[in-house]
Amino acid sequence: MAALRLLAPQGQQCTQIFRPPFSASMSSSSVLKMSTPATDGPQPKLYAFWTSSCSWRVRIALTLKNIPYEIQAINLVQTGEDHAYTDKYREVNPMQTVPSLQIDGHSLCDSVAIMHYLEETRPEIPLLPQDVIKRAKVREIVELICSAIQPLQNRLVLEHVGKEQSLVWAQHWIARGFKGLDRVLAGSAGKYCVGDELSMADVCLVPQVFNARRYKVELTPYPNIVRLDHELQSLPAFKSSHPHQQPDCPPKFAGK
């Protein structure tokens, strides 16, 4: 495991310092092109919850770009001083959701906005292709996942739907979204979601497939999604940022 886990004293919030390994990004040739971050200053701090797919997107992006960061675990389930619904966390994120990233003296609280900020301030290892059509295709896939699929099975939505109907609801909307997404990927994918370059589309795909498996969605009808997920899951950046590697992951799942 590439992360250094820090055990907080009882009653204190749990943090983790993560320094991406040399091979965490795309390849050794890509790593050699890296330069120093856009600005010097405190290490970025990511507020996240272990199973949050939005949080996982940002962890992957930070790792691919070889940006060391600190994780502050924010609990979306159990009450306590590290819960999202505290006045203290509202000062960090007015929506009281995750992720939030404090970086370069700024606080950002949307995973897609965060990825674009990282791309614009630390472009040495790109997550958007140079080709204008491919860039549009990456953005299309990102929006299909982040606007048309994931929000409909978000924890807050499922709580509103109710426990008895939440699983059927999540399965319906994920399956409906995957049906269209798989056809989009059939026309765009090479080794990865758009051609043979890692991009924001890949960063968003893997956490959403993780969600689908959590909600027991049958994935056989979506061969392109399954193939790409399998390819991406083998990369160090996706492995080290996995929910089961997070400091707030319950012991029964940790490291699995």
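I take a residue as buried when its relative accessible area is under 20%. The model I am working from is a predicted one.

**Helix α9**

I looked up helix α9, residues 223–233, with that cut-off in hand. Its buried residues are Ile225, Leu228, Asp229 and Leu232. Why do they lie on the same side of α9? They cover an arc of only 100° around the axis, so they share one side of the helix. I then checked what this side meets. The buried residues of α9 pack against α7 (163–188), α8 and α10 (236–240).

**Leu205 and the cores**

I next listed the contacts of Leu205, leaving aside its neighbours within four places in sequence. Leu205 is in contact with Ile225, Leu228, Asp229 and Leu232, the residues I had noted as buried in α9. The list for Leu205 also holds Ile145, Leu181, Leu185 and Cys193.

I looked for the nonpolar core around it. The largest nonpolar core has 57 residues, and Leu205 is one of those that touch the most other members, along with Leu118, Ile141, Phe178 and Leu181. Which helix gives the most to this core? Helix α8, residues 200–214, does, with nine residues. A second core of ten residues is separate from it and includes Phe49, Trp50, Leu76 and Cys249. I note the general rule for comparison: nonpolar side chains in soluble globular proteins tend to be buried together.

**Strand β3 and its partners**

I turned to strand β3, residues 45–48. How does β3 run relative to β4, parallel or antiparallel? I found the two parallel, joined by four bridges, with β4 spanning residues 69–73. Lys45 has Glu70 of β4 as its bridge partner. I followed the chain between these strands: β3, helix α2 (residues 53–64) and β4 make a β-α-β unit, and this unit is right-handed.

I also checked β3 against strand β5, residues 100–103. Here the strands run antiparallel, and three bridges join them. Opposite Tyr47 I found Ser100 of β5.

**Whole protein**

I closed with the totals. The protein has 256 residues, of which 48% count as buried. I counted ten helices and six strands. The exposed area is about 12,600 Å², and carbon and sulfur atoms supply 56% of it. How many of the contacts between residues at least 6 apart in sequence join residues at least 24 apart? The share is 68%.

Conventions:
Residues numbered from 1 in each chain as written. Predicted model: local features only at pLDDT ≥ 70, side-chain atom pairs only at ≥ 80, totals over all residues. Heavy atoms only, no water. Core = buried A, V, L, I, M, F, W, Y, C linked by side-chain atoms within 4.5 Å. Buried < 20%, exposed > 50% of the residue type's maximum accessible area, 1.4 Å probe, protein only. Contact = heavy atoms within 4.5 Å. Areas by Shrake-Rupley, 256 points an atom, 1.4 Å probe, with all protein chains shown as cover. Pairing = 2+ DSSP bridges. Right-handed = clockwise from strand over helix to strand, strands pointing away. Arc of directions from axis to C-beta.
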